[in-house]
Amino acid sequence: MRTSIGVGLIGMGVVGSGVARLIIEGSSTLRNQVGLPLNLNKVAVRDSRKQRSFPIGKNILGEEPEKLIKDDSVQIIVELMGGEHPALEFILGAVKNGKHVVTANKEVISKHGAEIFSLARENNVRVLFEASVGGGVPIISPLMRDLVANDVKSIKAIINGTTNYILTRMANEQVNYESVLSEAQTLGYAESDPTNDVEGIDAAYKLSILSTLAFRSSIKNTDIFTEGITNLTDKDFQYAEELGYSIKLLAIATRMESRVLGRVHPAMIPSGQMLAKVDDVLNAVEIETDLVDKVLFHGPGAGSLPTSSAVVADIVNIARTIAGGTDLLDPVRLTETVEVVSIDTLSTKYYFRLEAVDQPGVLARIATVFGDCGISISSFIQKGLGDKSTDAELVIMTHKANESSVTEAVSRLRKLDVVKMIGNVIRVVE
Ligand code: NAP
Ligand code: HSE
């Protein structure tokens, strides 16, 4: 008869250290919740000599995840090393060895979820990944379980803590981009390569996971249109404020019958909206469905303890099933087929910021480009660029226009000799 449940941890960085702490320091609570003791039996890291923020016994620490995933004393493998390879191979290996898996790895789940879920079902084990989206905010489990009777119409979310932290500081304090990114790294929010955060890749992984669960069809990160925050400047934040908007990196997936459009990009949203008030490392996911209308999940989207909270919840969930001896069935069932459509099908309002020669006739030539592309201008601001400059800065807000028309307009504007530069084009989400 089983007297305890063994956990094997791969990776003991920001999140792994938090998980080790919660398992060891919270052992009596966890035992009461699971019904059996939950023991951290093995840990694998890259460099076992490194100092850890939560030190653990040398007898359980090693550098061989390959051995850990075969270890008989371990029933649940917790993968917290991150990256695609070899994390994917460790997860698949663990499943083939009959181990349950908990992971926070959005890259692996986004790219290989369908294969992992089906292998887990064949091997009658579970793979849970609550911490892969939203850090400490429960969102995967509600989508898989509590909203299962609903047809999801749309997802609108702020799901990258690092960029939300950067954008909040840039909007409120005009701080330098590099220094605020480095703060986010020190606080443990950023990925090991922060390019994934600032280029929107991390948010695209997460949106693909949410869309897959919401629309019950495999949607990969490469199906999601992705644009990061690196083109935003302090001028965009100043104009956004003047016009009554906030700038956020939004992740949006919309279903229109059997078609889905997924997109991650900076967006101007009216500053009175709830999502506009989600600041710092906080995440928020708004799900709109046929039955509940709109529900909002909101909370800390990154960091050691919030993320560990989600990882440990998954461990307890699996451990309870093992302790209870009940059947295990992976609840992820991708039973529908949807067609992923291109960003060119989008119709929304747009913000244009450009610099042009300040001379008679220039505005007319710019307005002609918009008119020729079928884009209607809704408002317009012109400002000088300093006393001696012969150029002016123009901010043009449009009525709803097609993305493909906007792409065409940008290309034509670039060719106008009177347009010195296109500072930015930002989609408006209302
Ligand atoms: P991290 O601080 O960089 O830690 C990574 C850990 O993995 C380190 O302990 C490292 O060992 C170990 N490792 C790397 N390669 C290894 C290998 N080949 N074999 C064995 N161990 C290896 O990363 P993290 O921030 O904790 O993130 C872990 C996962 O959680 C990632 O998938 C991330 O996307 C996800 N996540 C993170 C957050 C967050 O707020 N940080 C939130 C949600 C999800 P050494 O320590 O010896 O170098
Ligand atoms: N780098 C990620 C973020 C961690 O900033 O949101 C949480 O997934």
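**Two ligand sites in a predicted model**

Ligand 1 is surrounded by 24 residues, the closest of which are K50, R52, K106, E191 and G303. The structure is a predicted model, and the distances below are computed from it.

Polar contacts to ligand 1 involve both backbone and side-chain atoms. At K50, an N or O atom of the side chain stands 2.7 Å from an oxygen atom of the ligand. R52 likewise places a polar side-chain atom 2.6 Å from an oxygen atom of ligand 1. D47 takes part through its backbone, a polar atom of which is 2.8 Å from a ligand oxygen. On its own, ligand 1 has 910 Å² of accessible area, and the protein covers 87% of this. The shell around ligand 1 is made up of 11 nonpolar, 7 polar and 6 charged residues.

The second site holds ligand 2. Its neighbours include K106, N160, T162, D202, K206 and A302. K106 and E191 are listed among the closest residues to ligand 1 and are also found around ligand 2.

Nitrogen atoms of ligand 2 have polar partners in the protein. The side chain of E191 brings a polar atom to 2.8 Å from a ligand nitrogen, and a polar side-chain atom of D197 also lies 2.8 Å from a nitrogen of ligand 2. Y189 contributes a polar backbone atom, 2.7 Å from a nitrogen atom of this ligand. Of the 250 Å² that ligand 2 exposes when taken alone, the protein buries 93%.

Two helices, α7 (161-173) and α10 (201-215), each provide at least two residues of the shell around ligand 2. By class, this shell comprises 3 nonpolar, 4 polar and 5 charged residues.

Definitions and conventions. Residues numbered from 1 in each chain as written. Chains lettered and ligands numbered in written order. Predicted model: local features only at pLDDT ≥ 70, side-chain atom pairs only at ≥ 80, totals over all residues. Heavy atoms only, no water. Near = heavy atom within 4 Å. Polar contact = N/O pair within 3.5 Å; in protein donor to acceptor, adjacent residues only side chain to side chain. Areas by Shrake-Rupley, 256 points an atom, 1.4 Å probe, with all protein chains shown as cover. Nonpolar A, V, L, I, M, F, W, Y, C, P; charged D, E, K, R; others polar. Helix = DSSP H or I, 4+ residues; strand = E, 2+ residues; numbered from the N terminus.
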